Amino acid sequence: MLGALLRRNMSQKLSVLLLLFGFAWGLMLMRYTFQQPRPQSSAQLREQILDLSRKYVKVLTEENQNADGLHGTSMAGYADLRRTIAVLLDDILQRLVRLEGKVDVAANGSAANGTGAVTAPPLPSGPAERPGRGR
């Protein structure tokens with residue numbers, strides 16, 4: 001088979017190469033399309049972020065309580081940590097809201113473009129073209 005391929009002219013070799021490349025590209029595209037994870041809604045993402053942050057604060061609380069018993073450290077660092085986490089979570093939430101707004105605008109813009117809405121014809125602008133003014 002290799003000998004038959006080498007005897008062909010250059011355009012046939014290029015055609016076979018392009019066909020193989022296109023086939024491989026199509027397979028990769030199909031694999032990506034079917035294995036792509038489903039997008040989550042913003043409410044689900046918010047709930048996950050809040051749940052993870054609660055777990056994180058709980059673990060830090062337990063670590064600080066263990067450290068208090070061993071080293072006698074104060075809880076001042078914990079209060080600062082909670083404030084820091086609150087600020088970070090608020091920032092993340094604001095970014096999610098902005099991103100959701102941009103996605104909504106993009107989705108609504110593409111939906112409006114795809115509806116095939118017909119616009120009204122322009123109104124006449126000159127005095128001679130205005131209806132009701134007979135000459």
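Reader: How much surface does the protein expose, and what share do carbon and sulfur atoms supply?
Author: The protein exposes about 12100 Å² (Shrake-Rupley method, 1.4 Å probe). Carbon and sulfur atoms supply 64% of that area. This is a predicted model, where local features need pLDDT of at least 70 and side-chain atom pairs count only at pLDDT 80 or more, while totals for chains, interfaces and linings use all residues. Residues are numbered from 1 along each chain as its sequence is written, and side-chain values use heavy atoms, with hydrogens and water left out.

Reader: OK, and what share of the residues counts as buried?
Author: Of 135 residues, 4% are buried, meaning under 20% relative accessible area; exposed is over 50%, and partly exposed lies in between (1.4 Å probe, protein chains only).

Reader: How many helices and strands does the protein have?
Author: There are 4 helices and 0 strands, taken as DSSP runs (H or I, at least four residues, for helices; E, at least two, for strands) and numbered from the N terminus. The order of elements from the N terminus is α-α-α-α.

Reader: Switching to charges: how many salt bridges turn up in the whole structure?
Author: The search finds 3. A salt bridge here is a side-chain nitrogen of Lys or Arg within 4 Å of a carboxyl oxygen of Asp or Glu.

Reader: Which one links distant parts of the chain?
Author: Glu 100 and Arg 46 form a salt bridge at 3.3 Å, N to O. Glu 100 is in helix H4 and Arg 46 in helix H3, 54 residues apart, so the pair links distant parts of the chain.

Reader: Buried or exposed, or something in between, for Glu 100?
Author: Glu 100 is partly exposed, at 28% relative accessible area. Its partner Arg 46 is also partly exposed, at 29%.

Reader: And what does Lys 55 pair with?
Author: Lys 55 has a salt bridge with Asp 51, and their closest N and O atoms are 3.6 Å apart. Both residues sit in helix H3, 4 residues apart, about one turn of the helix. Lys 55 is partly exposed at 49%, and Asp 51 is partly exposed at 32%.

Reader: Which residue does Arg 95 bridge to?
Author: Arg 95 bridges to Asp 91, with 3.1 Å between the closest N and O atoms.

Reader: Why are Arg 95 and Asp 91 separated by about one helical turn?
Author: Because they are 4 residues apart in helix H4. Arg 95 counts as exposed, at 53% relative accessibility, whereas Asp 91 is partly exposed at 29%.
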